[in-house]
Amino acid sequence: MPKYLDPKADLTFKKVFGEYPELTISFLNALLPLKDDEQITSVSYLTPEMMPDNPLRKYSIVDVRCTDAKGRVFLVEMQTVWSEEFKQRVLFNASKAYVGQLKKGKKYELLQPVYSLNLGNEVFEKDIDDAYHYYRLVHEKHSDRVIDGLHLVFVELPKFKPQNFSDKRMLVLWLRFLTEIDEQVKEAAPELLADKDINQALELVEIAAFDEVQLEAYERFWDGVRVEKAIIDDRARMMKQAKEMVGQAEEKGRAEGMAKGRAEGMAKGRAECMAKGRAEGMAKGRAEGMAKGRAEGMAKGRAEGKAEGIKETARRMKSKGFDIKTIADLTQLPIDEIEKL
C-alpha cells in the first residue's frame, strides 16, 4: 500500500505541476474561470530568469509559470503561510507578467491575459463563506463591462467542501488531491484513483518516489513553515498588545483630562459668574460662565491627559523592548521624543 507526501509542500507541488505539462493543463482548466472555447490545450514553462523575484516570503511556491499557444500567461502559487501583503504581491507579480509581454516598439493589442491562480493553506477571508474568489477589472455599476487583462483567483483550501462544487468534477478532484492527501493517508479515495490525471499525480507524491536527500528537504520545508507561522503569530500578538496598551492609556488620559477640565471649568465659571455682578446677572452669569469654562477646561485637560497617557504608553513599550520605529508608528510620537523617555 503506497504512502504519500503532502502535495502542498515545495518539493511535491513543483514535481507535479512544474514538470508534467499535461497535469498542469488539467489543473488550470479545472480551477480557472475559462469558457469552453478558452480551454488550455498546451503549455510551455517559463525559464527561471523570466520569473519575477519573490523576496517577501520564503515559503511560497511561485515558480509554476507557463504560457499557452495563444500567448496567455498562467501563474500558480501555493501560499503555505498567510501574510497581509499576499494579495498585493499577487497583483504585483501578475501586473509584471502582463507588462513583460510587451517588448519595445510592439503594439498594445498584442498583450494577452494573465491568469494568476493562488492557493492558500489558511483562511484569510474570515467574513466570507466561499472558498473560491475571482477578481478582475469590471465597471463599478455595470459588471458586464470588463477590461480584460488580469484575472486573479484565490482558493482558501481549508474552506473547500466538495458539495459546493458538485457540477465541477475536475475542480473537486484536484482540490481533494490537495486537501486530503498527506503523510497520514493510508489509502487514497477510489474517486481519486479512478481519474487518470489524479492517479498520476498520486504516484508522483508517493514517498517511494523520493530519495533520502529529498525527504530531508521536505521535512525542512515544513519545519520552516511552522517557524515562520509562529513568528507571524507572535508579531500579531505583540501588535495587538501594543494597541491595547495605547487604548488603555488614551482612556486613562481621557478620564483624567475630563476630571481636571471639570474642576478648572467650575472654578473659572464661578469666577466669571461673580464678576458679572451679584445682582441681576448672578444666575445668568453662573450658568454661562460655568458652561464655557467647563468646555474649555475639559478640552484642555483631555488633550493634556491624552498626551501624557501616550507618553506613558511609549515608556512602557520601550521598557518591554519594542523598537523605536514601532513605538513611533503606534503612538505618533516623534522618534527623538521617544528616545528621551
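**Entry 1. Overall fold**

I began with the contacts between residues at least 6 apart in sequence: in this predicted model, 65% of them join residues at least 24 apart. I then looked up the secondary structure, which comes to ten helices and six strands. Of the 341 residues in the protein, 41% are buried.

**Entry 2. Confidence**

I noted an average pLDDT of 85 for the protein, with 89% of the residues scoring at least 70. I marked residues 49–62 separately, since pLDDT stays under 50 throughout that stretch. For residues 49–62 the model nevertheless has 39 contacts beyond four places in sequence.

**Entry 3. Lysine 159**

I located lysine 159 in the loop between β6 (146–156) and α4 (169–180). Is lysine 159 buried or exposed? Its relative accessibility is 14%, and because the cut-off for buried is under 20%, I entered lysine 159 as buried. I next checked its side chain and found a polar contact of 2.9 Å with the side chain of glutamate 156. Setting aside neighbours within four places in sequence, I listed the residues in contact with lysine 159 as Val123, Glu125, Ile128, Asp129, Asp130 and Ala131.

**Entry 4. Alanine 188**

I turned to alanine 188, which lies in the loop between α4 and α5 (190–194). Its relative accessibility is 6%, so alanine 188 also counts as buried. Which residues does alanine 188 contact, leaving aside its neighbours within four places in sequence? I recorded Tyr4, Ile181, Leu193 and Leu202. For leucine 202 I also looked up the C-alpha to C-alpha distance: leucine 202 and alanine 188 are 8.2 Å apart in space and 14 residues apart in sequence.

**Entry 5. Internal cavity**

I searched for enclosed space and counted one cavity of 30 Å³ or more. The largest cavity holds about 60 Å³ of space. Ten residues line the largest cavity, and I noted those closest to its centre as Arg65, Leu75, Glu77, Ser116 and Asn118. Which elements give two or more residues to this lining? They are the strands β2 (60–67), β3 (73–79) and β4 (114–120), together with the helix α3 (86–99). I sorted the lining by class and obtained five nonpolar, three polar and two charged residues.

**Entry 6. Points to keep**

I kept two buried loop residues for reference, lysine 159 and alanine 188. Beside them I kept the cavity of about 60 Å³ and the caution that pLDDT is under 50 over residues 49–62.

Definitions and conventions
Residues are numbered from 1 along each chain as its sequence is written. This is a predicted model: local features need pLDDT of at least 70, side-chain atom pairs count only at pLDDT 80 or more; totals for chains, interfaces and linings use all residues. Side-chain values use heavy atoms; hydrogens and water are left out. Helices (H or I, at least four residues) and strands (E, at least two) are DSSP runs, numbered from the N terminus. Buried means under 20% relative accessible area, exposed over 50%, partly exposed in between (1.4 Å probe, protein chains only). A polar contact is a pair of N or O atoms within 3.5 Å; within protein, one must be able to donate a hydrogen and the other to accept it, and residues adjacent in sequence count only if both atoms are side-chain atoms. Contact means heavy atoms within 4.5 Å. pLDDT is the predictor's confidence in each residue, from 0 to 100. On a 1 Å grid over the protein atoms alone, a cavity is a set of points where a 1.4 Å probe fits but cannot get out, and a pocket is an open set with protein on both sides within 12 Å along at least five of seven lines; lining residues have an atom within 4 Å of a point. Grid points are joined across faces, edges and corners, and a volume is the space filled by probe spheres set on the points. Ala, Val, Leu, Ile, Met, Phe, Trp, Tyr, Cys and Pro count as nonpolar, Asp, Glu, Lys and Arg as charged, and the others, Gly among them, as polar.
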